[in-house]
Each structure stands twice: as C-alpha cells, then as structure tokens.
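Q: Could you take me through one part of this model in close detail? I would like to look at the surroundings of the ligand.

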Amino acid sequence: MLELKNISFAAENDGKEKQIIKDISLTIENDKFTVITGPNGGGKSTLAKIIAGIEKPISGRLILDGQDITELSITDRAKAGIGFAFQQPVRFKGLTVLDLLKIAYGKPIKVADACTFLSEVGLCAKDYINREVNSSLSGGELKRIEIATILARDPKLAVFDEPEAGIDLWSFQNLIRIFENMRNSVSGRSIIVISHQERILNIADEIIVLADGAILKRGAKDEILPEITGTDSAVGSCEMLDKEARK
Amino acid sequence: MSKVQLDEIQKRLIREVADLHDIPEGAYNFRANSSLAGRNTTANIDIKTKEDKPGIDIIIKEGTKNESVHIPVVLSQSGIKETVYNDFYVGDNADVLIVAGCGIDNCGTGDSEHDGIHRFFIGKGAKVKYVEKHYGSGDGTGKRILNPVTEVYMDEDSAMEMEMVQIKGVDSTERTTKAELKAGAKLVVHERLMTHGEQKALSIYDVALNGKGSSADVVSRSVARDNSYQKLDMCILGNDECSGHTECDSIIMDNGRILAVPSLEANSVDAMLVHEAAIGKIAGDQLTKLMTLGLTEQEAEEQIINGFLK
Ligand SMILES: Nc1ncnc2c1ncn2[C@@H]1O[C@H](COP(=O)(O)OP(=O)(O)OP(=O)(O)O)[C@@H](O)[C@H]1O
Ligand SMILES: [Mg+2]
C-alpha cells in the first residue's frame, strides 16, 4: 500500500517557478489496478517520478507499507519494491537486452528465463536477447523491452507510464493481457498505469483523473469511466477535462 | 618447436591479453622478459627471428585459410625497456586471425616499457582479423609504458579488421596507426580505451585511401576517469573515389580530460569522408534507469562503462 500525503512539486520554467503537483494526497491499495489519466501536461509523469524517487517533492510524505520512503534514494526505493517503466525508455550504447533483464532480475538468471519475459511482451526472444538497447531499436520495441524489465523485476508496486504509446494494435491486445495477468495473479501488490486509452481504463479497479497538478476525479472505474468517456472522441473528453480543470 | 616456459604471473598476463588459457593451436611466438619463451610454426605460417634488430618476421603463405597466429608479449621484471619490430607478410587471398598483445606487470621501481612496431603487408584479396590487447598490473612505483606503432599496407581488395583494446593499468601510451589502402581495400578499426589515475593516452590514426573503391571505418570508444588525459587524433585522407568514416565516442568522468582532433582531407571530388565525435559524461537518464532497477549510482556507472567498452 502506498500513501501520498500532501505532495507538492514545483520546477523552474523560464525563471518562473511553476507549481506542477499541488498538494496531492491519495492511497494506492494493495491488489488494486489503478489507472491515472488526464490531459497532457497534467502532471502524471511527474507524480510517477516522485513515487520512484526521481523527483523530490517540495513538501509532503510518501509511505510504502507503513515505511516513510520520502527520503529514500531511487536505488533504495527500487529495493523497497517500487518499479517504474519510463514513458520514454532510455537507450544504452553497449548494454544488451539480456544485460538489462539480468540487472532488473537482481539475481543470477538463466538465459531461458530471461527469454520468457521477452516472449510475454510479444518479442521473439532469440532475435532480441543479444541486441543492444541502442538507437537501432524501434520505439515500440524499446517500449516493450522496458515493460519486460519491469516483469523481470516483479516489484511490489509497479508504475507504468503510458506503456501502450507507440505499440501497434496487435500488440496492444497482448499488453492488455499482461496487465490482466498481473492483476489476477498477484496478491499483496499494486499496479499503477498512466494511460489515455479507454481499453486500459476499462480494466482498472480505480481511475484517477489528474489535471493541472491536482486530482480532478477519483473513484471506481464504473463510476468514473462513463463521466470521462461521455463524448465519443478523445478530443471531446480532453476538452471536457480541460474545462473542468479551469473551473 | 620449443616448449613454452612461463611462470604464474606471465600466464596471468597472457590470459589478459590473448584470452589464452592454454597453448594455442596454430602458429605462435611467446616473448617473455625480452626473450623467446616458445614458438610454433605451421606448414603455411613461418616465424623467423630478425637478424638485424629485435623482432620477428611472420610469413603467411598465399591462400592460407582459417589459421591463426598468436604473438603475445609479457614483461614481468621491473625496469625493462625494449623496442621490437614485427613484420607480417600476408600472402594473397589468405584469411587469418592474428592475436597480439602486451601485458606488463611492474611491481618494482624501474619503468617498464615495450614499444612494438608492427608492420602488415597484406596481399591482394587477403583477409586479416587483428586483435591487440594491452594490459598492465602490479603495484610498484615503476611506470608501465606502451608505445605501439602499427603500419598497415593493404593491396587491392584486401580486408583488415582491427580490434585494439587498452582497458587497464597502462600508465602512458602513445599509439600510432598508419594505413595505406589500394583499390577496393577495406579497413575497419574498433578501438577501446580506458584511462584512470594519472594516466595519459595518445592515439593517432593516419589513414590514406589511395585506391578507387577503398574504404575505412575507424571507431574509437573511450573512457577517461580520475585525472587521466586522452588525445584522439584521427586523420583520413581520400585520394580517389573512396569512403571514410571516423567516430570518436567518449565518456569523461571525475576530472578526466579528452581532446578529440578529427581531420579529413579530400583530394578527389569522389571522396566521401565523414567524421563524428561526441564527448560527455554518462547520460543522467541512463544512471536513473539502472538505479530504478536497484543498482547504486556506482554500480550503474560500472555497468554503463562496461557495456560501452565491450
Ligand atoms: N523539470 C521540469 N521543469 C520544468 N517544467 C517541468 C518539469 N517537469 C515537468 N514540467 C512541466 O510540468 C507539467 C507536467 O508534466 P508531466 O510530464 O508530468 O505531464 P503528463 O501529465 O505526464 O503529460 P503527458 O500526458 O503529455 O505525458 C508540464 O507542463 C511540464 O512541462
Ligand atoms: Mg507523461
């Protein structure tokens, strides 16, 4: 269980300080699949980075299973059980997919086992396991490898930042299946996915709408989903969110 | 054929520079503390001691296929200074692997220095893969110095792939590589360099693409840590229709310094020459990513550097 208590974050932009996260408090329960959505620039990735320890909040506390992790480094938070799949995965000259999976797994791993993680994200293991995680990989391939590293890590709390971005339709089905599997098989854990996709929102237990650095709506899927997909087009729903955020 | 006589330190050095755990198959010449420690020749590959100066001639018969030559050098006594001349004559259409390398263990106070002058005369259509590793160890105050000179003369349609690695323990190095290519010849160089402590490394490449359709691809990846200094000087000359590419990709850490001096000279309108250079510290998001996978910052650095220099 992760608790966020009065988290705020600000950053300098053109010499002006901008409040990006505004006094957010929320609890992510165990065994819950939470989807965070909301307009671009709303602060979703920033919140995820605060959870992973990549950004430090200017005020507020983070509590993981009763332990205050606010002052913990990125490394210590990873060790405490937080996993984070980047919106824009990082490329490495020289490190291979296998190297990355080994690091993620955290203990010795058989190549065959590393391969199963790739197969799960729909990559043919033998074609990818020894590839360098460099600029020769396509955006979608990189994104899937990023997800595989989180599967290999198997964290208590997994945060995926727009995992579906750049992933083709066919693989999208597969992705949904991965999240459904994680959701059904795992107990005592929680998953947070940041997404704009209705089909991902659809498998959520809980939906949080983040706009302009604050929680605009929050509740069970059945309650929230009809409100934000009231209009057919994504543009429509965004406009609606924007308007509500400005109220 | 003489039997190889090496002590434990020398065996360890050989393992570092030539990945050899045992006596290799094929031709070899082991040099330890300035004298011959073992040699083997084959029906196609002859090795002769030079009469006028220290060094050997390696003569590879025309058409020799799938054979290898290992010529490791080890220095385990402090205070040795030597210059060795090795000439390789690779016959037309031969296809061989040549593994050279020098390991210095200096536990004493005298400087140890090995300057290897290697010349390659590569025949028409011949293919050579050349691997050279340099390594230093020992905690004496004496310096470990290596100043290799490599000259490559490539005849028509020959191909040479060079892998040059110096990752650890060499205090001072000035490596010079010169190549002249005739028509259709192809040279590929991969250099890996890491310096630490107070080390200094100079690496100079001078490649002349003289023949039509010749090509060179020189790629250097280097890491300078602590207070070390590197100068990477890469020059390609295009004298005919040819293609040349050089790339310096460097990471600096601590107070490391790197000077990359690329130069291209085209003397033919059909010469296509490209240089790329990048120097910088390890990208912050790479460290961040590995830290989110549970590594400490230092462990993340090691992984990134090891991968980069692999
Ligand atoms: N380090 C920073 N410095 C300045 N501004 C920042 C910084 N980090 C984020 N921002 C700004 O904060 C806002 C929120 O960014 P964030 O990346 O969290 O949005 P998001 O909700 O993930 O958007 P998207 O849906 O486009 O991914 C944006 O306006 C962004 O420009
Ligand atoms: Mg984002």
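A: Happy to help; here is a walk around the ligand site, with a short look at a helix pair afterwards. Please keep in mind that this is a predicted model.

Let's start with the neighbours. There are 16 residues around ligand 1, and those that come nearest are A:Lys18, A:Gly41, A:Lys44, A:Ser45 and A:Thr46. By class, this shell holds nine polar residues, four charged ones and three nonpolar ones. Three elements of chain A each supply at least two residues of the shell: strand 1 (2-13), strand 2 (16-28) and helix 1 (44-52).

Now for the polar atoms. A:Lys18 places a polar side-chain atom 2.8 Å from an oxygen atom of ligand 1. For A:Ser45, too, a polar side-chain atom lies 2.8 Å from an oxygen atom of the ligand. In the case of A:His196, an N or O atom of the side chain is 3.3 Å from an oxygen atom of ligand 1. As for cover, ligand 1 on its own has 640 Å² of accessible area, and the protein covers 69% of it.

If you would like to turn to the helix pair, look at helix 3 (residues 97-105) and helix 6 (residues 139-153) of chain A, whose axes come within 7 Å and cross at roughly 35°. Their crossing is right-handed. On the helix 3 side of chain A, the residues in contact are A:Val97, A:Leu100, A:Leu101, A:Ile103, A:Ala104 and A:Tyr105. They meet A:Ile145, A:Ala148, A:Thr149, A:Ala152 and A:Arg153 of helix 6 in chain A. Sorted by class, this contact has nine nonpolar residues, one polar and one charged.

Technical notes
Residues numbered from 1 in each chain as written. Chains lettered and ligands numbered in written order. Predicted model: local features only at pLDDT ≥ 70, side-chain atom pairs only at ≥ 80, totals over all residues. Heavy atoms only, no water. Near = heavy atom within 4 Å. Polar contact = N/O pair within 3.5 Å; in protein donor to acceptor, adjacent residues only side chain to side chain. Areas by Shrake-Rupley, 256 points an atom, 1.4 Å probe, with all protein chains shown as cover. Helix = DSSP H or I, 4+ residues; strand = E, 2+ residues; numbered from the N terminus. Nonpolar A, V, L, I, M, F, W, Y, C, P; charged D, E, K, R; others polar. Axes fitted to C-alpha atoms, helices over the stretch in contact; angles between N-to-C directions. Left-handed = near helix turned anticlockwise from the far one by under 90°. Contact = heavy atoms within 4.5 Å.
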